[in-house]
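User: I should like to learn how the features of a structure are read, beginning with charged side chains. Please give the general idea before each case.

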Amino acid sequence: MDFKPEIKLTQRRDNVWTVEEGMVRCFLILGQEKALLFDAGAEKTDLLAMIRQVTNLPITMVLSHSDGDHTAAIDQFEQVYIHPAEMERLKQRGPVPELLPALEGMVFDLGGELLEVIHNPGHTPGSISLLDRKARILYSGDTVSYGPVFLFGNGRDPQAYAASLEKLWNLHDAYDEVYPCHNDCPVAPEVALELLACVQGFLDGSIQGQEPEDMLPPGASPLVY
């Protein structure tokens, strides 16, 4: 029998909600004119119906990247924003809605809420974060997370990931909290520095990997650093 996590809607701030799916979450950010959904979860649930419990505003669907645990409910939306480097990867999973480019520096204006796209490749080629300078929040996708970040398999690039962490840390004066899609939420900006030290230790050989204790995807045999 497949394990199905409890799925629940949780309010984080006056205008920010999360859809929690066990180890995965996506974010609903409300403006005065529009709402933005950052990621579409890991479960084939009626995500749109859950959102309509909170708001009737028009919804802009934005994906942090194309991994399957962030894209399960995209078929409920007519359009999806995603970085161009992720589009073909997403299409390989099956039919998709209309795909629109989420490019570096692009700003989603929700009416009183502005969310700026930051391209941070490494975990995947087109991973993005969203920066809310007014609320001082970084929605980091999988790039900054207090827990394991997968850097094995097709499209992962540890050197690009290190550069992305450095880039996000250089912007840390613009945010006080990081809202990741996995593990603890929120986390401090300094988590990016801890991850950077780890990946640099992997790259220069100063940190040795260990056999993982937790369950991994079938056929995967990475080390943990």
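Analyst: A salt bridge is a side-chain nitrogen of Lys or Arg within 4 Å of a carboxyl oxygen of Asp or Glu. Side chains of opposite charge can pair when their charged atoms come close. The model discussed here is predicted, so local features need pLDDT of at least 70 and side-chain atom pairs count only at pLDDT 80 or more, whereas totals for chains, interfaces and linings use all residues. Residues are numbered from 1 along each chain as its sequence is written, and side-chain values use heavy atoms, with hydrogens and water left out.

User: How many salt bridges does this rule give?

Analyst: The count comes to ten. One of them joins the side chains of Asp-75 and Lys-44, at 3.5 Å from N to O. Helices (H or I, at least four residues) and strands (E, at least two) are DSSP runs, numbered from the N terminus. Asp-75 lies in the loop between strand E5 (59–62) and strand E6 (79–82), and Lys-44 in the loop between E4 and H1, so this pair ties together parts that are 31 residues apart in sequence.

User: Are Asp-75 and Lys-44 buried or exposed?

Analyst: Buried means under 20% relative accessible area, exposed over 50%, and partly exposed in between (1.4 Å probe, protein chains only). Both Asp-75 and Lys-44 are exposed.

User: Which salt bridges have buried partners?

Analyst: Arg-25 and Glu-20 are both buried, and their closest N and O atoms are 3.1 Å apart. Asp-67 and Arg-89 are likewise both buried; their salt bridge has its closest N and O atoms 3.8 Å apart. The latter pair links distant parts of the chain, with Asp-67 in the loop between E5 and E6 and Arg-89 in helix H2 (residues 84–91), 22 residues apart. Asp-67 and Arg-89 also belong to a network of salt bridges with Glu-86 and Arg-156.

User: How is a sheet read, and what is the strand order here?

Analyst: Two strands pair if DSSP finds at least two bridges between them. Here an open sheet of five strands follows the order E8-E9-E10-E11-E12, with mixed pairing. Strand E8 (107–109) and strand E12 (177–180) stand at the edges with a single partner strand each, so one side of each has no neighbour in the sheet. Within the sheet, E9 (residues 114–119) and E10 (residues 128–132) run antiparallel and are joined by four bridges. Ile-118 stands opposite Ser-129 in E10.

User: Where does the backbone take a positive phi without a glycine?

Analyst: Asp-39 has a positive phi of about 85° and is found in the loop between strand E4 (35–38) and helix H1 (47–51). At 0% relative accessibility, Asp-39 counts as buried. Asn-183 has a phi near 65° and is partly exposed, at 26% relative accessible area. The loop between E12 and H4 holds Asn-183 and also Pro-186. The peptide bond from Cys-185 to Pro-186 is cis, with omega near 0°.

User: What can be read from helix H4?

Analyst: The expected span of a helix is 1.5 Å times one less than its number of residues. For the 14 residues of H4 this gives 20 Å, and the end C-alpha atoms are 20 Å apart, which agrees. Its buried residues include Val-191, Leu-195 and Val-199. Contact means heavy atoms within 4.5 Å, and what covers the buried residues of H4 includes helix H3 (158–170). Just after H4, Gly-205 takes a positive phi of about 80°.
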